[in-house]
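Please read the sequence and the model side by side, beginning with the overall surface and then moving inward to individual side chains.

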Amino acid sequence: VPIVVGVIIASATEVSFCAAGFLSAMGSNLTFQSRNVLSKFVMQSEDVKKMDYVSLLGVVTAVSAALAVPLALVFEGSSAPGAFRALSARGGIDAVVLAGKTLFYASVCFQLYQQLSFSVLERVSPVTHSVGNSLKRVVIIAASVIVFRNPVSATNIAGTALAIAGVVWYGRVKKK
């Protein structure tokens, strides 16, 4: 609880805070943590053929793509031509090449992130994995403060400190 409350406090005072974005992030957290619990169950289950994390990641990625691609085409497909035209109009950028390179690099980075995430999940409990994922958000906020020189309020500092203290407290309780 202190970790989640700390992240909420630290996030809510961000300059670019948006309630819809925050609620979307919370929905994302819920689905990713549900995926982690289900994945850990599959990795350890005696009833289901045991899968290592690489095989399981492959299955999850394929199912996710099968579900997401049609939805992306339905909801975003009509805006793609306009976006490519707007990119091409700015400085003669070849939008298809730019989008392809960007998509490739983003895909490689996300795949590596997912492999690391499943590798960690194979070794720890879903709760520990979720705690680490929550701490990741605090690190992102701290990095944005350093890199982008975002103004920091006392509320940001208090929320970040609460989240970090929650992680430390969780670690101590887990050891006992």
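In this predicted model, the protein exposes about 11900 Å², and carbon and sulfur atoms supply 73% of that area. Of its 176 residues, 22% count as buried. The secondary structure comes to 7 helices and 0 strands, so that the order along the sequence is written α-α-α-α-α-α-α. Among the contacts between residues at least 6 apart in sequence, 74% join residues at least 24 apart.

The interior can be approached through its largest nonpolar core, which has 7 residues in all: Val42, Met43, Leu56, Leu57, Val60, Phe118 and Leu121. Three helices, namely α2, α3 (53–76) and α5 (95–123), each supply at least two residues of this core, and the largest share, 3 residues, comes from α3.

Two polar residues of helix α2 touch members of that core. Ser39 lies in helix α2 and, leaving aside residues up to four places away in sequence, touches Leu56, Val60, Phe118 and Leu121, each of which is listed in the core. Why does Ser39 count as buried? The relative accessibility of Ser39 is 3%, and the assignment follows because buried means under 20% relative accessible area.

Arg35 is also placed in helix α2, which spans residues 19–44. With residues up to four places away in sequence again left out, Arg35 touches Val60, Gln114, Ser117 and Phe118, and of these contacts Val60 and Phe118 are listed in the largest nonpolar core. What is the charge environment of Arg35, given that Arg35 is buried? Side chains of opposite charge can pair when their charged atoms come close. Arg35, however, has no salt bridge, and the nearest side chain of opposite charge, that of Glu122, is 13 Å away. A salt bridge would need a side-chain nitrogen within 4 Å of a carboxyl oxygen, and therefore the separation of 13 Å does not qualify. What the side chain of Arg35 does make is a polar contact with the side chain of Asn36, at 3.0 Å.

Glu122 itself leads to the next feature, since a search of the whole structure finds 1 salt bridge, and Glu122 forms a salt bridge with Arg123, with the closest N and O atoms 3.9 Å apart. That distance counts because the cut-off is 4 Å. As for the surroundings of the two partners, Glu122 is partly exposed, with a relative accessible area of 31%, whereas Arg123 is exposed, with a relative accessible area of 59%.

A further buried residue is found in helix α7 (residues 154–175), where Thr160 has its place. Thr160 has a relative accessible area of 18% and is therefore buried, the limit being under 20%. Which residues does Thr160 touch, not counting those up to four places away in sequence? They are Gly6, Ala10 and Val138. Thr160 also illustrates how positions far apart in the sequence are arranged in space: the C-alpha atoms of Thr160 and Ile3, which are 157 residues apart along the chain, are separated by 8.7 Å.

Key. Residues numbered from 1 in each chain as written. Predicted model: local features only at pLDDT ≥ 70, side-chain atom pairs only at ≥ 80, totals over all residues. Heavy atoms only, no water. Helix = DSSP H or I, 4+ residues; strand = E, 2+ residues; numbered from the N terminus. Buried < 20%, exposed > 50% of the residue type's maximum accessible area, 1.4 Å probe, protein only. Lys, Arg positive; Asp, Glu negative; His and termini not counted. Polar contact = N/O pair within 3.5 Å; in protein donor to acceptor, adjacent residues only side chain to side chain. Contact = heavy atoms within 4.5 Å. Areas by Shrake-Rupley, 256 points an atom, 1.4 Å probe, with all protein chains shown as cover. Core = buried A, V, L, I, M, F, W, Y, C linked by side-chain atoms within 4.5 Å.
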